[in-house]
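Reader: Before I rely on any of the wording used for this model, I would like to know what stands behind each term. Could you take me through the terms one by one, setting each value against its definition?

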Amino acid sequence: MTKQIRAIVKGVGHCLPERVVENAEFEKTLDTSDEWIRTRSGIERRHFASEGEKTSDLALAAARAALADAGLDAADLDAIILATTTPDLTFPSTATTVQAGLGMTGGFAFDIQAVCAGFVYALSNANALILSGMAKRVLVIGAETFSRILDWEDRGTCVLFGDGAGALLLEAAEAEGTPGDRGILSVDLHSDGRHRDILYVDGGVATGDTGHVRMQGREVFRHAVEKLSDTAHTALDRAGLSGADVDWLVPHQANLRIIKATAQRLDLPMERVVVTVQDHGNTSAASIPLALSVGKARGQIKPGDLLVTEAIGGGLAWGAVVLRW
């Protein structure tokens, strides 16, 4: 086998706002209940950013945690890619705000917007930068303050989302070029704009209003289960691997029923799935890096483990990444 470069994981970290919101809090203002929310989503609580707490604040804390975990400094980075749907400002990118906060004066930083699939898209871009030789070390962040775009009178959406950030530090390393290599082994990305009306925000720069999340839950569920299992299988095939090789499925944490249905289609028992949705809700682009960081902290994810991460979000946009920790 010809040796090749792989993007390997050097560090991981996360940040959650201090404010924890239990399901029972919504009972005061909405026709809902803790049981209703748990039954339909698996969510028990979520974190909400405090007034004045920005997406970049959460992202910066997660970035510092990932750097510390890797034993590296900001000066060691070549690039920052930040996936978010809730940037601090229309421009400049939130990634450049994080870059400044870290004291990183070299390299480059930019945002990616693919909603809940944002981190998978960001990982694929970071991998491409490393494989092309454009960067050696890339900090990939998913960060959201989704609470800022929720309609507090819509019980079908406002109980599902939370705020948070997670970060993964990737570094170029020479490998054997086999499925046993550490690092990112394959990527699969898709989008289909025909389905944009089933999950979207009804505002933006052109409308003059930030808008709120709107979702057709049943349609999203149907697309999610089918597309997530298909993209995971495709990514595994590209890596020359199968579901039997997978140590951990680390899915986008949107809904426990979707997670269970996807795992079933991959023939994976729930004991091999990292689940954090009960504590965080759907944190959009932050959910996968949050789950990776928490999974490592729990002692679930260990060096050499084969992971599949997959996500789907508005667009529709979806994809999967296969990586060995």
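**The four-stranded sheet**

Author: Four strands, in the order β8-β13-β12-β11, make up an open sheet with mixed pairing. This is a predicted model, in which local features need pLDDT of at least 70, side-chain atom pairs count only at pLDDT 80 or more, and totals for chains, interfaces and linings use all residues. Residues are numbered from 1 along each chain as its sequence is written, and side-chain values use heavy atoms, with hydrogens and water left out.

Reader: What makes β8 and β11 the edge strands of this sheet?

Author: Each of them, β8 and β11 (248-251), pairs on one side only. A strand here is a DSSP run of E with at least two residues, while a helix is a run of H or I with at least four, both numbered from the N terminus. Two strands pair if DSSP finds at least two bridges between them. From one strand to the next, the twist averages 15°, where axes are lines fitted to C-alpha atoms (for helices over the stretch in contact) and angles run from 0 to 180 degrees between N-to-C directions.

Reader: Why is the pairing in this sheet called mixed?

Author: Strands of a sheet pair through backbone hydrogen bonds, either parallel or antiparallel. In this sheet, β11 and β12 pair in the parallel sense over four bridges, whereas β12 and β13 pair in the antiparallel sense over eight bridges. W248 stands opposite L307 in β12, and E310 has A320 in β13 as its bridge partner. The hairpin of β12 and β13 has three residues between the strands, and there G315 takes a positive phi near 145°.

Reader: How do you know that both faces of β12 are covered?

Author: Buried means under 20% relative accessible area, exposed means over 50%, and partly exposed lies in between (1.4 Å probe, protein chains only). By that rule eight of the eight residues of β12 are buried. In a regular strand the side chains alternate between the two faces of the sheet. On one side of β12 the buried residues are L306, V308, E310 and I312, and on the other they are L307, T309, A311 and G313.

**Helix α5**

Reader: What makes you say that α5 packs on the sheet?

Author: Helix α5 touches β8, β12 and β13, and its direction makes about 145° with that of β12; contact means heavy atoms within 4.5 Å. The cover over the buried residues of α5 includes these strands along with β9 (199-201), β10 (213-215) and α6 (256-265). Among those buried residues are V220, A224, L228 and A235.

Reader: Why does the length of α5 agree with its number of residues?

Author: The expected span of a helix is 1.5 Å times one less than its number of residues. The 22 residues of α5 (217-238) should therefore span 32 Å, and the end C-alpha atoms are 31 Å apart, which agrees. Just after α5, G240 takes a positive phi of about 75°.

Reader: F221 is found in α5 as well; why is F221 called partly exposed?

Author: The relative accessible area of F221 is 25%, which places F221 between the buried and exposed limits, so partly exposed is the right label. Leaving out residues up to four places away in sequence, F221 touches R257 and I258.

**The whole chain**

Reader: Why can the chain be called compact?

Author: The radius of gyration is taken over C-alpha atoms, and the globule rule is 2.2 Å times the number of residues to the power 0.38. For 325 residues, a compact globule would have a radius of gyration near 20 Å, and the 18 Å of the chain agrees with that. The C-alpha atoms fill a box of roughly 60 × 45 × 40 Å along the principal axes, and 58% of the 325 residues count as buried.

Reader: How many strands form the other open sheet, and which are its edge strands?

Author: That open sheet has five strands in the order β1-β7-β6-β4-β5, with mixed pairing. Its edge strands are β1 (4-15) and β5 (108-112), since each pairs on one side only. Within this sheet, β6 (137-145) and β7 (163-175) pair in the antiparallel sense over nine bridges, and L139 has L169 in β7 as its bridge partner.
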